[in-house]
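The exercises below are meant to be worked with the sequence and the model side by side. Try each task before reading its solution.

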Amino acid sequence: MSSAQLVRHSRKLRGLYNALDSERSGIVRYFSAASGSLPTKGNGVEKRIGGARCPQCQQPGKELERSKVSLGGLNGSYILKTSPRNCMLNIIIGPNSSLSCGQVASARSFSTSTGLPPHQEIGMPSLSPTMTEGNIARWLKKEGDKVSPGEVLCEVETDKATVEMECMEEGYLAKIIHGDGAKEIKVGEIIAVTVEEEGDIEKFKDYKPSTSASAAPVAPSEPTEPTEPKVEEKEIPKAPEPKAPKTKEASRPGDRIFSSPLARKLAEDNNVPLSSVKGTGPDGRILKADVEDYLAKGGRKEALVAPGLSYTDVPNTQIRKVTANRLLSSKQTIPHYYLTVDTRVDNLIKLRGELNPVQESSGGKKISINDLVIKAAALALRKVPQCNSSWMNDFIRQYHNVNINIAVQTEHGLFVPVIRDADKKGLGAIAEEVKQLAQRSRDNSLKPEDYEGGTFTISNLGGPFGIKQFCAIINPPQSAILAIGSAEQRVIPGSTNGQYEFGSFMSATMSCDHRVIDGAIGAEFLKAFKGYIENPTSMLL
């Protein structure tokens, strides 16, 4: 394909066709997420060295991939940017031009089109696979501070934990867009601006980011603009609310409130009295949009409170929102069923009593009943691998690693840190790791690697809370969760006729995804689990 055809057939290069006025140019494509790596000269072309990581897709970046193409000439440099979610920049540079560190540095918005000096707009990063928005817990740097690669800019509260956000480029923090405590900031939304020179800080005192900063065009001609009116034309017939012809009755005086069926359904689902909603439809008819506006303005809170009732509204944290959505989805989409078994734990308690003095003498952490339960469940999963699986629609994925999530309740919400390869670890190692992860959960300082990649979950409400038995909700995409109750003493028949003895029994209830685990398979797992609990020395083999 000739260079002219390449330019004409490329949506991104078509607008530069008339601007190309030198003989040859190089096309450099690189993947970056504001990497802290620096450009180096190579064959007359600057390139990046180092493994950048994209916060949107969490994939390692690549070094530059260069290809030469004749474009009929190019003086100076041009930068074409795709959507930030594509994590890709296409940069065209002439043979005699060079790219500064600032120009190559970032996939975040970089612009001088407003007359401002060179600067970078730092967006809210995606710090976990399920993150769509985040909160700013606090800024560790203030406006005017010098920043260097690796320094912590701020702490971001994600849907999983509070994570430190590091600086990727050297410069000065010129403007903080969202300050301490800012809530529900969408991924990619601008949170701060950095500049290269200290003298440029004052010029950003009243800076406000453009809503289309991430898509700012470089070339003066915009061939993609004609596509926008098409979107508007499609949206015009999408307003279905005003088209109901039965609104003539609304002109009649009286107490009757006229509303569309969608508006009534939405109001009913959210316990909103239609009498408190102002209609904007024909003759004051209440439309769906009216109810949505009412809810957006906080009307739902008023509707849910009975007259004279005192209350306090507690704002939801990001982790509580995500936990609520995931558990709701789990109960709605996963066919749960439950299996319960009572296990005698006298031998387990005896073994724990024998091991703890050894642990203490060697400086290790005490082994808890929960640590022994984790080990028993991990070995049972190795024996019955069908329970260590996930439903993937077209197939069932059976994991070779036994990674046990443990539910930890904190004042910040419910966390599920993971013990990796629990079947291969000793009881001392499990005890040490559980206590470290539990403390990091309470401190709200878990990192993504601390809670991602689990294949099975254990929730224990018995030891700390004395709950006898309960049924837990499956943690998707896993197919099972084991709920552990408290141990209690029971009178049982003795070894000889007419005699009785006391025994300590613990209830364990397994919630199973029936798409993955059949009843007999779940029973087989509990049988293996019970065997390890009642004969714990077998776990040491």
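**Exercise 1. Cysteines**

Is C471 buried, partly exposed or exposed? Establish also how many disulfides there are, and what the sulfur of C512 has as its closest cysteine sulfur.

*Solution.* The model is a predicted one, and the values used here are computed from its atoms. Begin with C471, whose relative accessibility is 44%; because buried means under 20% and exposed means over 50%, C471 counts as partly exposed. Turn next to C512, which has 0% relative accessibility and therefore counts as buried. The cysteine sulfur closest to that of C512 belongs to C387 and lies 6.2 Å away, which is too far for a bond, given that a disulfide requires sulfur atoms within 2.5 Å. The count of disulfides comes to 0.

**Exercise 2. The chain as a whole**

Describe the chain by its secondary structure, its burial, its contacts and its exposed area.

*Solution.* First, count the elements: the chain has 13 helices and 24 strands. Second, consider burial, for which 43% of the 541 residues count as buried. Third, take the contacts between residues at least 6 apart in sequence, of which 64% join residues at least 24 apart. Finally, the chain exposes about 29,400 Å², with 51% of this area supplied by carbon and sulfur atoms.

**Exercise 3. An aromatic cluster**

Which residues do ring pairs link into a cluster with F456, and what is the geometry of the pair formed by F456 and F525?

*Solution.* The number of aromatic pairs is 3. For F456 and F525, the ring centres are 5.5 Å apart and the planes stand at 45 degrees, so this pair is tilted. Locating the partners, one finds F456 in strand 22 (residues 456-460) and F525 in helix 13 (residues 519-534), so the pair ties together parts that are 69 residues apart in sequence. F456 counts as buried at 0% relative accessibility, and F525 likewise counts as buried at 0%. Ring pairs link these two residues with F529 into a cluster.

**Exercise 4. The largest nonpolar core**

How many residues has the largest nonpolar core, and which element gives the largest share of it?

*Solution.* The largest nonpolar core has 51 residues, and those with the most contacts inside it are I404, L482, M510, F525 and F529. Elements that each supply at least two residues of this core include strand 15 (336-344), helix 10 (427-442), strand 23 (480-493) and strand 24 (500-513). The largest share, 9 residues, comes from helix 9. Apart from this core lies another, of 20 residues, among them M124, M131, L173 and V187. In soluble globular proteins, nonpolar side chains tend to be buried together.

To see the surroundings of one core residue, take F529 and leave aside its neighbours within four places in sequence: F529 is then in contact with V373, A376, A377, A380, L482, I484 and A508. Y532 is placed in helix 13 and, at 12% relative accessibility, counts as buried. With neighbours within four places in sequence again set aside, the contacts of Y532 are A376, L379, A380, K383, S538 and M539. Y532 and A377 are 155 residues apart in sequence, yet their C-alpha atoms are 8.4 Å apart in space.

**Exercise 5. Strand pairing**

In what order do the 4 strands of the open sheet stand, and which strands pair with strand 12?

*Solution.* Start from the open sheet, whose 4 strands follow the order 11-10-8-13 with antiparallel pairing. Strand 11 (162-166) and strand 13 (185-186) are at the edges and have a single partner strand each, so one side of each is left without a neighbour in the sheet. Within the sheet, strand 8 (residues 133-139) and strand 10 (residues 152-157) are joined by 4 bridges, and N135 has E157 in strand 10 as its bridge partner.

Now consider strand 12 (residues 171-176), in which 6 of the 6 residues are buried, so this strand is largely enclosed by the rest of the structure. Strand 9 (residues 146-147) runs antiparallel to strand 12 and is joined to it by 2 bridges, with K146 bridged to Y172. Strand 14 (residues 190-195) is also antiparallel to strand 12, through 4 bridges, and here I176 has A192 as its bridge partner.

Technical notes
Residues numbered from 1 in each chain as written. Predicted model: local features only at pLDDT ≥ 70, side-chain atom pairs only at ≥ 80, totals over all residues. Heavy atoms only, no water. Phe/Tyr/Trp six-rings, centres within 6.5 Å; stacked < 30°, edge-to-face > 60°. Buried < 20%, exposed > 50% of the residue type's maximum accessible area, 1.4 Å probe, protein only. Core = buried A, V, L, I, M, F, W, Y, C linked by side-chain atoms within 4.5 Å. Contact = heavy atoms within 4.5 Å. Pairing = 2+ DSSP bridges. Areas by Shrake-Rupley, 256 points an atom, 1.4 Å probe, with all protein chains shown as cover.
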